[in-house]
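Here is a protein model to get to know. Take a look at the fold before reading on.

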Amino acid sequence: MPGSNLLIRRGEGFPEGDPFRMYLSLLPDLRTYAREAVKEAYSYRPEPVEVGSAAFSIVEGSEIWALTYGYNTKAEHDEKSCAEKKDLEAAEDEGMTRTIGMFNVSDNTIEQNRSITDIPSLNLPPCSVCHGDFRAHPVARPEMLIATGGLKHDTVQINTAERFLRLQTEEPDLVLYESYVGGLDGERLVRAYDRLKSQQKFSPEVKRLEPHQLVITAVLSHRDLIV
Ligand SMILES: [Zn+2]
């Protein structure tokens, strides 16, 4: 079996049988792993851009999953290689067929993020090379969740690959989904998710949220939903 040296761990079984719920519960861990991964990043530039990423991926139709990580590298005369790409390649090497979501961190200024992605964002959005990588990688999906954060602050943005792409191409006025998450408590996030999910059965079918939309809504609203 192929394997990756960027594997964090593998396992089998999703609590409640729901990989999106599991991704949400893992957000604090993914952020911790991404912050560790930054330490391996390398950029020759005078103002280096260092990015770490950790992803939760599955084998569709089973309950097999893997956590992988990646970090960016940019040597002086080489093309840059993004953390997100390494993360997806590691998931693929582990035999995964779909990445549910990732968490990317960097410590850039808003101005640095604007110069890299054209978006004056607190956290680093995927760059144009990343969007090409997402299209090229069989484990990535348009609805793949991309949480972004920093090294020293607690504001998390959570969007899909498709939403970032729209923002960076035809819909520059789109607002990034962003939430101050305090200590980022996985149990609290999951409680918000479960509550939203149970409310779905009272909604008309056409209005029900997809699982990735439930994850985003849980992150954005968990402080209001749970007393
Ligand atoms: Zn990139």
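We'll start with the whole chain, then move to its core, a helix pair and two smaller spots.

A bit of housekeeping: this is a predicted model, where local features need pLDDT of at least 70, side-chain atom pairs count only at pLDDT 80 or more, and totals for chains, interfaces and linings use all residues. Residues are numbered from 1 along each chain as its sequence is written.

The protein chain has 7 helices and 9 strands; helices (H or I, at least four residues) and strands (E, at least two) are DSSP runs, numbered from the N terminus. Its C-alpha trace spans about 55 × 45 × 35 Å along the principal axes. A compact globule of 227 residues would have a radius of gyration near 17 Å, and the protein chain, at 17 Å, agrees with that. That radius is taken over C-alpha atoms, and the globule rule is 2.2 Å times the number of residues to the power 0.38.

Now for the inside. Of the 227 residues, 44% count as buried, meaning that 20 or more other C-beta atoms lie within 10 Å of the residue's own (12 or fewer is exposed, in between is partly exposed, and C-beta atoms are placed from the backbone). The largest nonpolar core has 62 residues, and Tyr23, Leu24, Ala34, Ala54, Phe56 and Val215 touch the most other members. Such a core is a set of buried Ala, Val, Leu, Ile, Met, Phe, Trp, Tyr and Cys residues joined through C-beta atoms within 7 Å. Helix α1 (residues 19-37) gives the largest share of this core, 10 residues.

Which way does α1 run relative to α6? The axes of α1 and helix α6 (residues 186-199) come within 7 Å and cross at roughly 155°. Axes here are lines fitted to C-alpha atoms, for helices over the stretch in contact, with angles from 0 to 180 degrees between N-to-C directions. So α1 and α6 are roughly antiparallel to each other, a label for angles over 145 (under 35 is roughly parallel, 65 to 115 roughly perpendicular, the rest oblique). On the α1 side, the residues making the contact include Leu24 and Leu27, and on the α6 side they include Leu189 and Tyr193. Two residues are in contact if their C-beta atoms, placed from the backbone, lie within 7 Å.

Just before α1, in the loop that follows β1 (7-12), sits aspartate 18. Aspartate 18 is partly exposed, with 17 other C-beta atoms within 10 Å.

Finally, look at helix α5 (residues 161-168), where Ala161, Arg163, Phe164, Leu165 and Leu167 are buried. Their cover includes α4 (128-136), β7 (145-149) and β8 (155-160).
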